[in-house]
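Please walk me through this protein and its ligand. I would like to know what surrounds the ligand and how a few individual residues are placed.

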Amino acid sequence: MRVDVVTIFPEYLAPLELSLIGKARATGILDVAVHDLRTWTSDVHRTVDDTPYGGGPGMVMRPEPWGEALDELGPGHLIVPSPAGVRFTQPLAHALAGEPRLIFACGRYEGIDQRVLDHAAERMPVTEVSLGDYVLFGGEVAVLVVLEAVVRLLPGVLGNADSLIEESHADGLLEAPVYTKPAQWRDLPVPEVLRSGDHGRIARWRRDQSLLRTARRRPDLLPALPPQALDRHDRAA
Ligand SMILES: NC(=S)c1ccno1
């Protein structure tokens, strides 16, 4: 997968050198390039913003530098983090993990001139994504989150691909609690079932815990579950 990130703060993306993403880059699974938007400015002050038409507070990112940048870097799937975007979810992460090329546009100020996205949409897929109902200073932090969620799904990135099977949201539910040694810690025991060696009981307990957690913490996820996602035992509960 090839990823290009365009930002006025390239240093914000330094964490992409670290950990699993860094390893994915080193092993050739991932090719990432971070670009300073000002590369595509043509004035002596390297201006990237201007006052908004229609008035209002703040500044808007000018279309010209973005247009030049996307002309050079495209085509690819353009991802624009924005509070006005569609909700970023695990299914969307899986969809993006199947793309050969992602281009991330990091907005700042009050956002990017809408014509940049409209013009790009004539030549490539454009998706505005939101991490949640809150506003950040810009898109850079959101790019780190989206990229981590996507890259960990790429074959060969996680040492044990089984980790992807039982994690939260993999099957639409929140994952069950996890435990490790010691069996007793500050008078708190590990649930007996997990030490029983009875794999059927363990799988059932984990499933029940996932359903309980989801019902308590994220009831909004339950209606989205297709009927077949609940096996015979779940329905009886
Ligand atoms: N909520 C998101 S993703 C965002 C991007 C910029 N500001 O907020």
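A nitrogen atom of the ligand lies 2.9 Å from a polar backbone atom of Tyr 134. The model is a predicted one, and this distance, like the others below, is computed from it. Two further backbone approaches belong with that one. A polar backbone atom of Leu 136 is 3.0 Å from a ligand nitrogen, and a polar backbone atom of Gly 132 is 3.3 Å from a ligand nitrogen. On its own the ligand would expose 260 Å², and the protein buries 96% of that area.

The shell around the ligand can be read in sequence order. It begins with Pro 81, Ser 82 and Pro 83, continues with Val 129, Ser 130, Leu 131 and Gly 132, and ends with Tyr 134, Val 135, Leu 136 and Gly 138. Two elements give two or more residues to this shell, namely strand E5 (77-87) and strand E7 (126-130). E5 supplies the largest share, three residues. By character, the shell consists of seven nonpolar residues and four polar ones, with no charged residue.

One of the shell residues, Ser 82, can be followed further. Ser 82 is located in strand E5. Its relative accessibility is 16%, and Ser 82 is therefore classed as buried, the cut-off being under 20%. The side chain of Ser 82 makes a polar contact of 3.5 Å with the side chain of Glu 128. Apart from neighbours within four places in sequence, Ser 82 is in contact with Glu 128, Val 129 and Ser 130. Of these partners, Val 129 and Ser 130 are also listed among the residues surrounding the ligand.

A second residue to look at is Thr 41. Thr 41 sits in the loop that runs between strand E2 (31-36) and strand E3 (49-50). Is Thr 41 buried or exposed? With a relative accessibility of 15%, Thr 41 counts as buried. A polar atom of the Thr 41 side chain is 2.7 Å from the backbone oxygen of Arg 38. Setting aside neighbours within four places in sequence, the contacts of Thr 41 are Arg 46, Thr 47, Val 48 and Pro 65.

Last comes the overall layout of the chain. The domain assignment divides the protein chain into domain 1 (2-151) and domain 2 (172-236). Taken over C-alpha atoms, the centres of domain 1 and domain 2 are separated by 37 Å.

Note on methods:
Residues numbered from 1 in each chain as written. Predicted model: local features only at pLDDT ≥ 70, side-chain atom pairs only at ≥ 80, totals over all residues. Heavy atoms only, no water. Near = heavy atom within 4 Å. Polar contact = N/O pair within 3.5 Å; in protein donor to acceptor, adjacent residues only side chain to side chain. Areas by Shrake-Rupley, 256 points an atom, 1.4 Å probe, with all protein chains shown as cover. Helix = DSSP H or I, 4+ residues; strand = E, 2+ residues; numbered from the N terminus. Nonpolar A, V, L, I, M, F, W, Y, C, P; charged D, E, K, R; others polar. Domains from an automatic or database assignment. Buried < 20%, exposed > 50% of the residue type's maximum accessible area, 1.4 Å probe, protein only. Contact = heavy atoms within 4.5 Å.
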